[in-house]
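This text walks through one protein chain, starting from a single strand and working outward. Please keep the sequence and the structure in view while reading.

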Amino acid sequence: MPSLPPSPALSDRLTRRKIPQPFASRNIGKMPAWLASILFHVTVLATIAAVWKTRSGGTGAESGGPVGVAVVYETNSGSEYYLSDAASGAEASAQSAISSLPSEASVGSSQATLLADLLPSGTGAGSETIAAAGSLGLGDGGAELGGNSKLPKAKTTVFGIEGEGTRFLYVFDRSDSMNGYNALQTAKAELLSSLESLGPAHQFQIIFYNESPMPYGGLSERGPQLQRGDEASKANAQRFVRSIAAVGGTQHVDALRMALNMAPDVIFFLTDADFPRLSETEIENIHTRASRINATIHTIQFGSGPERNSGDWIRRLAVGTAGQYRYVDVTELQRKARTCPSTLNLDCGDLSPLSCR
């Protein structure tokens, strides 16, 4: 059947009506670039969110399905992942991932290599290093528990306090206030007298400190090193002790942390500074570290005149590790030195022990 031509009215309406153009072709040239970018990214993000929502079951997902284990760690080349896709392989996959992680030794080695260019080398060739790699001797880890139980223990004293063990740390204040009453010279004499009680089977380290710690032998890439108690080491230690001068302020904590990180049996801690006081948190932290390695801290406080119970935190530092505390009146020591000049010639710097106290 032949089609009929449209009526004149309909034909006129079709001719006059303007067919709307698509949005893109009509407006894209007029839309600012930044607005087009925003619309595009919003659309993409909305699409991703919708897809993600459909894939994640949450706590409402069907139970009893396979469980995967993923392990990720950072390496020099970026992040590496280990994934098991079934419960039956989860334990084996996790164990495989853990076994392939970089070892502590390799991590320490890379840290040591980095620090080697930044720190002066120590003199303790052949000495056993206890401090953690890269910690400068101030970290929590790396210390072995106590000394060698098979070695004969030594007994040595500092200002009448006796310590027993195979590893000994001397942490002595060298701040400017130690110049008064020749306190530093007196402390040096006592320290070197104590060292004479040690033999080649024993180990020691000396840390003088003011605002920062200064260990005997300097700092190696893995922190300060314990030294053997042989005659050569003790002779070098004597030269080191004689070279120390009292100068600067006082910061106790870093020196104590450095000492504890070498896992000594005994620490002799000497200071004339009641201030700055250690906080309760700092004292608890030191006690925790000492307990971890079975270390005993003996404390000696220098003061001028009779004891005024000002060294409360210094006493508690010792008591909390089953150590002893002693207050030393430096004015009395100076009087005894004048009475018995052959024992300590302070003017000449003779560091012979104070045998007539």
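Which residue in β6 is the bridge partner of D173? The partner is Y209. The model in which this pair is found is a predicted one.

The pair belongs to a longer run of pairing: β5 and β6 are joined in the parallel sense by seven bridges. Between these two strands the chain passes through α6, and the resulting β-α-β crossover is right-handed.

β6 also pairs with two other strands. With strand β7, residues 213-215, the pairing is antiparallel and has three bridges. F208 has M214 as its bridge partner in β7. Three residues separate β6 from β7, and the two strands form a hairpin. With strand β8, residues 227-228, β6 shares two bridges, again in the antiparallel sense. Here Q203 stands opposite R228.

Is β6 enclosed or open? Seven of its seven residues are buried, so the strand is largely enclosed by the rest of the structure. Q203, Q205, I207 and Y209 point one way from the strand, F204, I206 and F208 point the other way, and the residues of both groups are buried.

Some of these residues lead on to the interior of the chain. In soluble globular proteins, nonpolar side chains tend to be buried together. In this model the largest nonpolar core has 32 residues, and I206 and F208 are among those with the most contacts inside it, as are Y170, F172, L191, L195 and F302. Strands and helices both contribute: at least two core residues come from each of β3 (154-158), β5 (167-173), α6 (183-195), β6 (203-209), α7 (231-243), β9 (266-271), β10 (296-303) and α11 (330-339). The largest share is that of α6, with six residues.

F172 gives a view of this core from one position. Apart from its neighbours within four places in sequence, F172 is in contact with V158, A187, L191, I207, F208, Y209, F268 and L270. There is also a second, separate core, which has 29 residues and includes Y209, M262, I297 and A318.

Another strand named among the contributors to the largest core, β10, can be followed in a similar way. Eight of the eight residues of β10 are buried, so this strand too is largely enclosed by the rest of the structure. On one side of β10 are T296, H298, I300 and F302, on the other I297, T299, Q301 and G303, and both faces are covered. β9 runs parallel to β10 and is joined to it by six bridges. In this pairing V266 stands opposite T296. The chain goes from β9 through helix α9, residues 280-292, to β10, in a β-α-β crossover that is right-handed. β10 pairs as well with strand β11, residues 325-329, in the parallel sense and over five bridges. T299 has Y325 of β11 opposite it.

Two single residues can now be added to the picture. S233 is found in helix α7. Which residues does S233 contact beyond its neighbours within four places in sequence? They are F204, Y216 and R228. The side chain of S233 also reaches the backbone oxygen of R228, at 3.2 Å. S233 has a relative accessible area of 11%, and because the limit for a buried residue is under 20%, S233 counts as buried. Its C-alpha atom is 10.0 Å from that of G217, a residue 16 places away along the chain.

The second residue, G165, lies in strand β4, residues 161-165. G165 is buried, at 1% relative accessibility. Its C-alpha atom and that of A154 are 5.5 Å apart, while the two residues are 11 places apart along the chain. A154 is also one of the residues that G165 contacts outside its neighbours within four places; the others are K153, H202 and D265.

Figures for the chain as a whole complete the account. The chain has 11 helices and 11 strands. It has 357 residues, of which 39% count as buried. Of the contacts between residues at least 6 apart in sequence, 72% join residues at least 24 apart. The accessible surface comes to about 20200 Å², and carbon and sulfur atoms account for 55% of this area.

Terms used
Residues numbered from 1 in each chain as written. Predicted model: local features only at pLDDT ≥ 70, side-chain atom pairs only at ≥ 80, totals over all residues. Heavy atoms only, no water. Core = buried A, V, L, I, M, F, W, Y, C linked by side-chain atoms within 4.5 Å. Buried < 20%, exposed > 50% of the residue type's maximum accessible area, 1.4 Å probe, protein only. Helix = DSSP H or I, 4+ residues; strand = E, 2+ residues; numbered from the N terminus. Contact = heavy atoms within 4.5 Å. Pairing = 2+ DSSP bridges. Right-handed = clockwise from strand over helix to strand, strands pointing away. Areas by Shrake-Rupley, 256 points an atom, 1.4 Å probe, with all protein chains shown as cover. Polar contact = N/O pair within 3.5 Å; in protein donor to acceptor, adjacent residues only side chain to side chain.
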